[in-house]
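Trainee: I would like to take a close look at one part of this protein and understand how it sits among its surroundings. Could you guide me through it slowly?

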Amino acid sequence: LTEAFNILANAEKRRQHDQDSVRPEASSPAADAQRLSRFHVQTGVKLYRERNYVQAAESFQRATEADPANHQAWHHFAQACSHHRRYMNQALPAIARACDLQPMNPTYLKLAGRLHAQVGLVERADWYYNQAITWGGEDEAVRQALEDLRKSSKKAGWGLFGKVG
């Protein structure tokens, strides 16, 4: 209390105290990276809503580069990439990374299942869909996707004269 009184009673010490209390603290590199990542995610979301998927993907990719632990950035990056077939080779590792960072997130797991099914990785898609049900509970859309996946995998197979389906 005495120290506080002495600071407040002395005009010079009070001025110095006021300057010190409003001076922004130096931020850590990690905090800066997280802020930069959030900025790129927000920019990417805006671009995504405008259906500018290529630029949205670029923004989300910058977010993942700034903060590789940002699971939302990885998820959004995968989602934006999934709108163009030529970017599917980036979408799959991105959604896998999001699922690694948040292994119990049913939204990420469903997208992973859908993307893997689109490129014909049936076993991997099945695994992701089942994880989505495990962590998110019963979901009619996931059940239907699993049923469609199993039907399509039964059609394709090997017959007497080679691959069937």
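Leaving aside its neighbours within four places in sequence, which residues is Ser82 in contact with?

Mentor: Before we turn to that residue, please keep in mind that this is a predicted model. Once its neighbours within four places in sequence are set aside, Ser82 is in contact with Met88, Ala91, Arg114 and Leu115. As for its place in the chain, Ser82 is found in the loop between helix 5, which covers 71-81, and helix 6, which covers 88-101. Ser82 has a relative accessible area of 14%, and because buried means under 20% on that scale, this loop residue counts as buried.

It helps to look next at the two helices on either side of that loop. Two packed helices are described by the angle between their axes and the distance between the axes. For helix 5 and helix 6, the axes come within 8 Å and cross at roughly 155°. Since angles over 145 degrees count as roughly antiparallel, helix 5 is roughly antiparallel to helix 6, and the crossing of these two helices is left-handed. On the side of helix 5, the contact is made by His71, Trp74, His75, Phe77, Ala78 and Cys81, while helix 6 brings Met88, Gln90, Ala91, Ala94, Ile95, Arg97, Ala98 and Leu101. Two of these names, Met88 and Ala91, will be familiar to you, as Ser82 is in contact with them too. Sorted by character, the residues of the contact of helix 5 with helix 6 divide into ten nonpolar, three polar and one charged.

Helix 5 also packs with helix 4, which spans residues 53-66, at an angle of about 155° and with their axes 8 Å apart. That angle makes helix 4 roughly antiparallel to helix 5, and here, too, the crossing is left-handed. In this contact, Tyr53, Ala56, Ala57, Phe60, Gln61, Ala63 and Thr64 of helix 4 meet Ala73, Trp74, His76, Phe77, Ala80 and Cys81 of helix 5. The residues of the contact of helix 4 with helix 5 divide into ten nonpolar, three polar and no charged. If you compare the two lists, you will find that Trp74, Phe77 and Cys81 of helix 5 appear in the contact with helix 6 and again in the contact with helix 4.

To place this part within the whole, note that the protein has nine helices and two strands, and that from the N terminus on its elements run α-α-α-α-α-α-α-α-α-β-β. Of its 165 residues, 31% count as buried, and Ser82 is one that is buried.

Charged side chains add another kind of pairing elsewhere in the model. Side chains of opposite charge can pair when their charged atoms come close. The structure holds seven salt bridges, and one of them joins the side chains of Arg35 and Asp32 at 2.6 Å, N to O. Both of these residues lie in helix 3, residues 29-49, three residues apart, which is about one turn of the helix. Another salt bridge joins the side chains of Asp126 and Arg150 at 3.0 Å, N to O. Asp126 lies in helix 8 and Arg150 in helix 9, so this pair ties together parts that are 24 residues apart in sequence. Unlike the buried Ser82, Arg150 is partly exposed, with a relative accessible area of 38%.

Definitions and conventions: Residues are numbered from 1 along each chain as its sequence is written. This is a predicted model: local features need pLDDT of at least 70, side-chain atom pairs count only at pLDDT 80 or more; totals for chains, interfaces and linings use all residues. Side-chain values use heavy atoms; hydrogens and water are left out. Helices (H or I, at least four residues) and strands (E, at least two) are DSSP runs, numbered from the N terminus. Buried means under 20% relative accessible area, exposed over 50%, partly exposed in between (1.4 Å probe, protein chains only). Contact means heavy atoms within 4.5 Å. A salt bridge is a side-chain nitrogen of Lys or Arg within 4 Å of a carboxyl oxygen of Asp or Glu. Axes are lines fitted to C-alpha atoms, for helices over the stretch in contact, and angles run from 0 to 180 degrees between N-to-C directions. Angles under 35 degrees count as roughly parallel, over 145 as roughly antiparallel, 65 to 115 as roughly perpendicular and the rest as oblique. A crossing is left-handed if the near helix is turned anticlockwise from the far one by less than a right angle, and right-handed if clockwise. Ala, Val, Leu, Ile, Met, Phe, Trp, Tyr, Cys and Pro count as nonpolar, Asp, Glu, Lys and Arg as charged, and the others, Gly among them, as polar.
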